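The exercises below are meant to be worked with the sequence and the coordinates side by side. Try each task before reading the solution that follows.

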Amino acid sequence: MTFSPTALPVTRNAPVAGQADPPSAAVKRTPQAVAGALIALTKPRIIELLLVTTVPTMLLAQRGLPSLKLVLVTLIGGTLAAGSANTINCYIDRDIDAVMKRTSRRPLVNKEGIVTPAAALIWGIALGAGATAVLGLAADWLAAALADAAILFYVFVYTLLLKRRSPSNIVIGGAAGCFPVLVGWAAVKGTVAIPAVLLFLVIFLWTPPHFWALAMKFKDDYARANVPMLPVVAAPAVVTRKIVLYSYLMVAATLALAPYAGWLYTALAAVLGAWFLLEAHRLHTQVTAAIPPSAVTPATVVTPASAATPASAATPATGTATDRPFPMRLFHLSIAYLTLLFAAVAVCALLPIGAW
């Protein structure tokens, strides 16, 4: 089956391209409300996770503490770059955001009309320009160029090219979220080295298990919006099998960093990796036990002919197992895992012990 990126279901609440919903009478367009909406467009919670990977990478590059000024400049520049990419993503995806329950409260589609699409686009571009200036003038121009590459990759490769067309969208497009480690390393060293590339690879391989677990929970949302996330087009057991595969590759990548991070990091990475693999296998076992292989079919696939069919009617009774909490267990665990892994990188870079 094929997906048409333009075959979106029509709803009365969907915004007209280039226009925002009329402001609600109960919402006043105060400076505070506008500022809050602009900040919300940047998706701050996602930015937090990106920054968690930046500082440990800088510590590993320095083999100690870089200057506080350089760390702050890199974090500010990285925040502006990520905010730029996320804001432009909200501008482009406002049609499908209006269809999906999970994203229906985002500023451009929540009917409050505090921020117009045009203002959001200008805000996103301004953030990107600010990131380039901050990183280039106060850190390193290679770091600035890498931040710009992340913005362009997220906007053009993931959002515009892949998201609505390919189940591999998050596998390839997720590379945009890996750039902060390259930016952090370049800010310290002025170049990119093998350890930075390995950390890039770790996040690249971590992203599919992380996001597919979330997409399993919200597969009906993606189906309504005609977005071919893997859980929409594949049986749950196929999704969890791929989650397990990528988890093994991710753990292998973390251990490949061993020669550069030391024996203490290696021990911690092995323990954390075993924990993640155990949970990935647990999810796969739960899914395969809940849904017999003969019964699972990607029934929530949306095509132009079935786009108007409610997702709940398109999903067989056997598919309801993925609505249970266990996909979100792995999703939340994956955040904790990445945080702890990079904390191990940071601590081992600072400790006088732990080297080979």
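**Exercise 1.** Over which residues does pLDDT stay under 50, and how many contacts beyond four places in sequence does the model have for them?

*Solution.* Begin at the first stretch, residues 1–25, where pLDDT stays under 50 and for which this predicted model has 53 contacts beyond four places in sequence. Continue to residues 293–297, where pLDDT again stays under 50 and for which the model has four such contacts. Where pLDDT is low, the predicted coordinates should not be read in detail. Finally, set these stretches beside the chain as a whole, which averages a pLDDT of 86, with 83% of the residues scoring at least 70.

**Exercise 2.** Place L68 and S84 in the secondary structure, and decide for each whether the residue is buried or exposed.

*Solution.* As a starting step, locate L68, which lies in helix α3, spanning residues 68–92; S84 belongs to helix α3 as well. Next, apply the cut-offs, under which buried means under 20% relative accessible area and exposed means over 50%. L68 is classed as exposed because its relative accessibility is 62%, whereas S84 is classed as buried because its relative accessibility is 1%. Then look at the surroundings: L68 joins L72 and I76 in a nonpolar surface patch that has about 300 Å² of accessible area together, while S84, leaving aside its neighbours within four places in sequence, touches G124, L127, G128 and I151.

**Exercise 3.** Describe where L108 sits and which residues are in contact with it, leaving aside its neighbours within four places in sequence.

*Solution.* The position comes before the environment: L108 is found in the loop between α4 (94–99) and α5 (117–138). The residue counts as buried because its relative accessibility is 4%. With neighbours within four places in sequence left aside, the contacts of L108 are L41, C90, Y91, R94, V115, T116, P117 and A120. As a distance check, take D97, which is eleven residues from L108 in sequence and 8.6 Å from it in space, C-alpha to C-alpha.

**Exercise 4.** Are C90 and C348 buried or exposed, and what is the count of disulfides?

*Solution.* C90 has 3% relative accessibility and is therefore buried; C348, with a relative accessible area of 9%, is therefore buried too. For the count, the criterion is a pair of cysteine sulfur atoms within 2.5 Å, and by this rule there are zero disulfides. C90 also returns from the previous exercise, as one of the residues in contact with L108.

Technical notes
Residues are numbered from 1 along each chain as its sequence is written. This is a predicted model: local features need pLDDT of at least 70, side-chain atom pairs count only at pLDDT 80 or more; totals for chains, interfaces and linings use all residues. Side-chain values use heavy atoms; hydrogens and water are left out. Patches are made of residues with over 30% relative accessible area and no salt bridge: like charges are joined within 9 Å, nonpolar side chains (Val, Leu, Ile, Met, Phe, Trp, Tyr) within 5 Å. Accessible areas come from the Shrake-Rupley method with a 1.4 Å probe; for residues, only the protein chains shown count as cover. A salt bridge is a side-chain nitrogen of Lys or Arg within 4 Å of a carboxyl oxygen of Asp or Glu. Helices (H or I, at least four residues) and strands (E, at least two) are DSSP runs, numbered from the N terminus. Buried means under 20% relative accessible area, exposed over 50%, partly exposed in between (1.4 Å probe, protein chains only). Contact means heavy atoms within 4.5 Å. pLDDT is the predictor's confidence in each residue, from 0 to 100.
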